[in-house]
Amino acid sequence: MADVYNWQLGRKMSYVFPEAHPQKQFVAIFNINRCIGCQTCTGACKATWTFSKGQEYMWWNNVETKPYGGYPQHWDIKILQMLDEAHQAAGVKAEWDTTQTSDQAPYGVYNGLTLTEAGGANQQALGYIPPDTEWRAPNFYEDTATAYKGDSLGISKEGASLPEHQTWFFYLQRLCNHCTYPACAAACPRKAIYKRQEDGIVLIDQGRCRGYRKCVEQCPYKKSMYRGTTRTSEKCVACYPRVEGNDPLSDGVPMETRCMAVCPGKIRMNGLVEIAADGSWAEDPQHPLYYMIKVEKVALPLYPQFGTEPNIYYIPPRWAPRAYLHQMFGPGVDEAIAHYTAPSRQLLAVLQLFRTTQRMIFRFEIEEGSLVLETEVNGQPWKMYNDTVIGFDAKGREAVRLTVVEPIHERPAERLNSI
Ligand code: SF4
Ligand code: SF4
Ligand code: SF4
């Protein structure tokens, strides 16, 4: 085992391979607050990559309803329970020290065990292989809320209000996290899994894979899946031809992936961030993903305590119980929700860029507009400006330009019945 630095944990941790980093990293942000659970993303991935024989139960992208749903069923509850038992056995508490924050440790320091550290002497990391029954229903418990808290007639006299709804659910959008320290790659005895130098995408070499399913066992997110017809494991390929700029539509510049580009809820933004030689993100505050994750800290990793340094980030839902969200996204939840609820002038403009172009945005600029609203949010004064945000693609060309206030176009009277 080698010592590697995990900035999401604010400390070094052990990993099978020595520290090595790609030049760029595939990253995405999902805004949970906006997801409508339509599964268009799920269908787009299935229609593109997993429509063949043996892939029937293979959903590289899935959207599950929390707290009860999961694909495979109960994947996170099971692994959290295993991690909890390991902590109890070791007499260690899974706590975060949030007094020690810095650029290298934006969420503080995690003093608990990662899955690798909890694995013990006999296995590389905690993990399990889900039985077939748990893969059968990809959207089990869809739209199922927690128990209703109201009067006997099912009518709430108080209604629901922030910061926490008593009865709640939310959608969790999931795909492979293209982790910085992939557990799947660490687990593979054939060394069939690799992380690409040019974009940090994690792929399984189908020629080397022998279907031992160690990746299925060790990926805590359960995003490596076994295909019986080929006897190999498969996983999300991050739509790499699009990321490489080889899609016929892309005009030679990196494009967002299929599941990102189709999202009608406009919850997804996907791109590539520059990685410095030491593995940190090269400072780039005009990059929308860098800005939201590193400057505003409005988007957080999923279960950072697992220790794989996942690269899909989430803007947490405003209405779910904070303790649940802290377990899922770590100690940055309160700051992220506060910044999202009363966004800064710049953040509000950048949030408009979600799903406005298929081309990946590498830089944004803002042109200031007029004041359009003065109000209070959480008892504090808050102002809204009609700024214009402009996104630029990998070649520095303008890819999108839009204003904070959506323009209204009135149909001229002579065209009222033109359909
Ligand atoms: S999410 Fe799982 S399959 Fe994807 S890179 Fe991380 S460990 Fe591997
Ligand atoms: S990035 Fe591409 S391969 Fe991966 S889940 Fe999305 S559509 Fe599927
Ligand atoms: S397409 Fe977008 S809105 Fe629809 S389920 Fe997927 S992430 Fe949510």
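**Note on the predicted model: ligand shells, strands, a helix and some backbone features**

1. The shell around ligand 3 consists, by class, of 8 nonpolar, 5 polar and 1 charged residues. This is a predicted model. There are 14 residues around ligand 3, and those that come nearest are Cys35, Cys38, Gln39, Cys41 and Cys263.

2. Ligand 1 has around it Cys176, Asn177, His178, Cys179, Pro182, Ala183, Cys184, Val202, Cys219, Tyr221 and Lys235. By class, the shell of ligand 1 holds 8 nonpolar, 2 polar and 1 charged residues.

3. Ligand 2 is surrounded by Cys45, Trp49, Trp60, Asn61, Leu175, Cys236, Val237, Ala238, Cys239, Thr257, Arg258 and Cys259. At least two residues of this shell come from helix H1 (40-49), and at least two from helix H6 (258-261). The division by class is 9 nonpolar, 2 polar and 1 charged.

4. Strand S1 (residues 2-6) has alternating side chains. Ala2, Val4 and Asn6 are buried and point to one face, whereas Asp3 and Tyr5 point to the other face and are not buried. In a regular strand, side chains alternate between the two faces of the sheet.

5. S1 runs antiparallel to strand S2 (residues 11-15), and 5 bridges join the two. Opposite Asp3, in S2, stands Ser14. The hairpin of S1 and S2 has 4 residues between its strands, and Gly10 in this hairpin has a positive phi near 70°.

6. Another set of strands forms an open sheet of 3 strands in the order S15-S18-S19, with antiparallel pairing. At its edges are strand S15 (363-367) and strand S19 (398-403), each of which pairs on one side only. From one strand to the next, the twist averages 20°. S15 and strand S18 (residues 388-392) are antiparallel and joined by 5 bridges. The bridge partner of Glu367 in S18 is Thr388. Pairing between the strands of a sheet is made through backbone hydrogen bonds.

7. Which residues of helix H8 (residues 322-329) are buried? They are Arg322, Tyr324, Leu325, Met328 and Phe329. Seen down the axis of H8, the buried residues fall within an arc of 155°, so they line one face of the helix. What they pack against is strand S4 (62-66), helix H2 (75-90), strand S7 (170-174), strand S13 (300-301), strand S14 (312-315) and helix H9 (333-341). After H8 comes Gly330, with a positive phi near 85°.

8. Two cis peptide bonds should be noted. One joins Lys66 and Pro67, with omega about 20°; Pro67 is in the loop between S4 and H2. The other runs from Tyr71 to Pro72, with omega near -5°, and Pro72 lies in the loop between S4 and H2.

9. Asp143 is not a glycine, yet its phi is positive, at about 55°. Asp143 is found in the loop between strand S6 (109-110) and S7. Is Asp143 buried or partly exposed? Asp143 is partly exposed, with a relative accessible area of 41%.

10. Lys266, also a residue other than glycine, has a positive phi near 55°. Lys266 lies in the loop between H6 and strand S12 (268-274). With a relative accessible area of 36%, Lys266 is partly exposed.

Definitions and conventions:
Residues numbered from 1 in each chain as written. Chains lettered and ligands numbered in written order. Predicted model: local features only at pLDDT ≥ 70, side-chain atom pairs only at ≥ 80, totals over all residues. Heavy atoms only, no water. Near = heavy atom within 4 Å. Nonpolar A, V, L, I, M, F, W, Y, C, P; charged D, E, K, R; others polar. Pairing = 2+ DSSP bridges. Axes fitted to C-alpha atoms, helices over the stretch in contact; angles between N-to-C directions. Buried < 20%, exposed > 50% of the residue type's maximum accessible area, 1.4 Å probe, protein only. Arc of directions from axis to C-beta. Contact = heavy atoms within 4.5 Å.
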